[in-house]
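Colleague: Please take a close look at the side of one chain that touches its partner, and set it in the context of the rest of the model. I would like one connected account, with the confidence of each part kept in view.

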Amino acid sequence: MEAWGVVLFAWERLLFARGPCLCPSSARAAILRHNVRMLLAAGDILAMDIVLLRMVVLAALGGALGSVVRDRVVSVLRTRAGRADLGVLAVNLAACVIVGLGAGFAGADPIAHFIVLGFAGGLSTWSSLAVEVAGDIRARRWARIALHVPGAFALALALFLAARALAGDHS
Amino acid sequence: MTVLRRTMFVAAGGASGATARVLLATLLPMAVDRPHWSIAALLLVNLSGSLMAGFLRGVLEAKQQRGGARVGVGDGGGEWLDAFLIVGFCGGYTSYSGFIAMVPAGSALIAAATLCLCPLVALLGMLLGVRLSGGYPARPASL
């Protein structure tokens, strides 16, 4: 049950960290004092929690930015070329290149959390791709299914490995 | 819906989706001291996100079939469903790049399962969404 504790704690910190902005300054000071007491009492557990909180917040910000870029790209391709599926393919491939280039960062690096976990994760999508392929299955467009399932997978994997090699990470 | 309003909906959905993904696929396996479970966790995230997006798209399709005018506002109803939930939340929640990055380290079985099951689950969700919202002519909307 410790796992749920950590997840709930991360959520609570997320809400708590945003909460004080709405409080009057005296309440804010009381919350700060409480936080410091907690920090002293809990030692490194809270320090770890702050790292987790930062990771979640950075991933959320990156996810928001990535999602907006994805929506714009897909919308433009849908209106200009009438092919939303190509937009989904383009953002997924771009995200795989970004993740490959980001492999050079250490796992706990905040920049990696923002770019790899947040931005690339929000930029790429499985749900839109799955919905496009589901539409292709219903319309029996086999060529498009071949492009988007094995084709996109092979392309994305090749681009990811090439970008990772370029970034100098061979792990 | 204006571009600005749509962008705000997509950003809010993307942020919450990415948070949910990080909590389930990154922090939860870390918290139970089994980091290698994150590959299976991401499979579950992608499957549930695909199912949800398919279902919502089906609901939207049924709504459009019945005529969006029923909702009252011209472009209301379906637009925020598409921007916030389908494009924002489900799109930010599922991740193709995370899946590809895990393929070299993970098992081929999970990669194959993700590739085959995600579209099928989305199709299932779509048919379910259309059916449950009474979109097919065979099933009247009043039922």
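Modeller: From the N terminus on, the elements of chain B run α-α-α-α-α, a total of 5 helices and 0 strands. Chain A has 7 helices and 0 strands, in the order α-α-α-α-α-α-α. The model is predicted, with an ipTM of 0.85 and a pTM of 0.77.

The part you ask about is the side of chain A that touches chain B. Here 45 residues of chain A are in contact with 44 residues of chain B. The elements of chain A that give two or more residues to this side are helix H1 (2-18), helix H3 (44-80), H4, helix H5 (110-123), H6 and H7. H3(A) gives the most, with 14 residues. Sorted by class, this side of chain A has 30 nonpolar, 12 polar and 3 charged residues.

Confidence varies among these elements. In chain A the mean pLDDT is lowest in H1(A), at 55, and highest in H4(A), at 93. Both helices are listed among those that touch chain B, and the part played by H1(A) should be read with its mean of 55 in mind. Over residues 18-25 of chain A, pLDDT stays under 50, and the model has 4 contacts beyond four places in sequence for that stretch. Chain A as a whole averages a pLDDT of 79, with 67% of the residues scoring at least 70. For chain B the average is 83, and 86% of the residues score at least 70. Chain B also has a stretch where pLDDT stays under 50, residues 69-75, for which the model has 3 contacts beyond four places in sequence.

H4(A) is a good place to look at single residues. A:Ala94 lies in this helix, which covers residues 84-102. A:Ala94 counts as buried because 20 other C-beta atoms lie inside 10 Å, and 20 is the lowest number that qualifies. Its C-alpha atom is 20 Å from that of A:Arg80, although the two residues are 14 apart in sequence. A:Ala95 touches A:Ala120, A:Leu123 and A:Ser124 in its own chain, and B:Tyr96 and B:Ser97 in the partner, leaving aside residues up to four places away in sequence. A:Ala95 is also one of the residues that touch the most other members of the largest nonpolar core, together with A:Val99, A:Ala130, B:Val22 and B:Ala122. That core has 80 residues, and the residues just named show that it draws on both chain A and chain B.

H3(A), the helix that gives the most residues to this side, also holds A:Ser75. A:Ser75 counts as partly exposed, because 16 C-beta neighbours lie inside 10 Å. The C-alpha atoms of A:Ser75 and A:Ala130 are separated by 17 Å, with their positions 55 residues apart along the chain.

H6 and H7 also belong to the elements listed for this side, and the loop between helix H6 (127-139) and helix H7 (142-167) contains A:Arg140. The phi of A:Arg140 is near 55°, a positive value in a residue other than glycine. Most residues other than glycine have a negative phi. A:Arg140 is exposed, because 8 other C-beta atoms lie within 10 Å.

On the partner chain, helix H1 (residues 3-31) deserves a check of its length. Its 29 residues, at 1.5 Å a residue, should span 42 Å, and the end C-alpha atoms are 40 Å apart, so the two values agree. There is nevertheless a kink of about 35° in H1(B), centred on B:Leu23. B:Val22, named above as a well-connected member of the nonpolar core, precedes that residue in the numbering. Just after H1(B), B:Asp33 takes a positive phi of about 60°.

Finally, the two chains as wholes. Of the 171 residues of chain A, 37% count as buried; for the 143 residues of chain B the share is 48%. Among contacts between residues at least 6 apart in sequence, those joining residues at least 24 apart make up 70% in chain A and 79% in chain B.

Note on methods:
Residues are numbered from 1 along each chain as its sequence is written. Chains are lettered from A and ligands numbered from 1 in the order in which they are written. This is a predicted model: local features need pLDDT of at least 70, side-chain atom pairs count only at pLDDT 80 or more; totals for chains, interfaces and linings use all residues. Helices (H or I, at least four residues) and strands (E, at least two) are DSSP runs, numbered from the N terminus. A residue is buried if 20 or more other C-beta atoms lie within 10 Å of its own, exposed if 12 or fewer, and partly exposed in between; C-beta atoms are placed from the backbone. Two residues are in contact if their C-beta atoms, placed from the backbone, lie within 7 Å. Ala, Val, Leu, Ile, Met, Phe, Trp, Tyr, Cys and Pro count as nonpolar, Asp, Glu, Lys and Arg as charged, and the others, Gly among them, as polar. The expected span of a helix is 1.5 Å times one less than its number of residues. The bend at a residue is the angle between axes fitted to the seven residues ending there and the seven starting there. pLDDT is the predictor's confidence in each residue, from 0 to 100. A nonpolar core is a set of buried Ala, Val, Leu, Ile, Met, Phe, Trp, Tyr and Cys residues joined through C-beta atoms within 7 Å.
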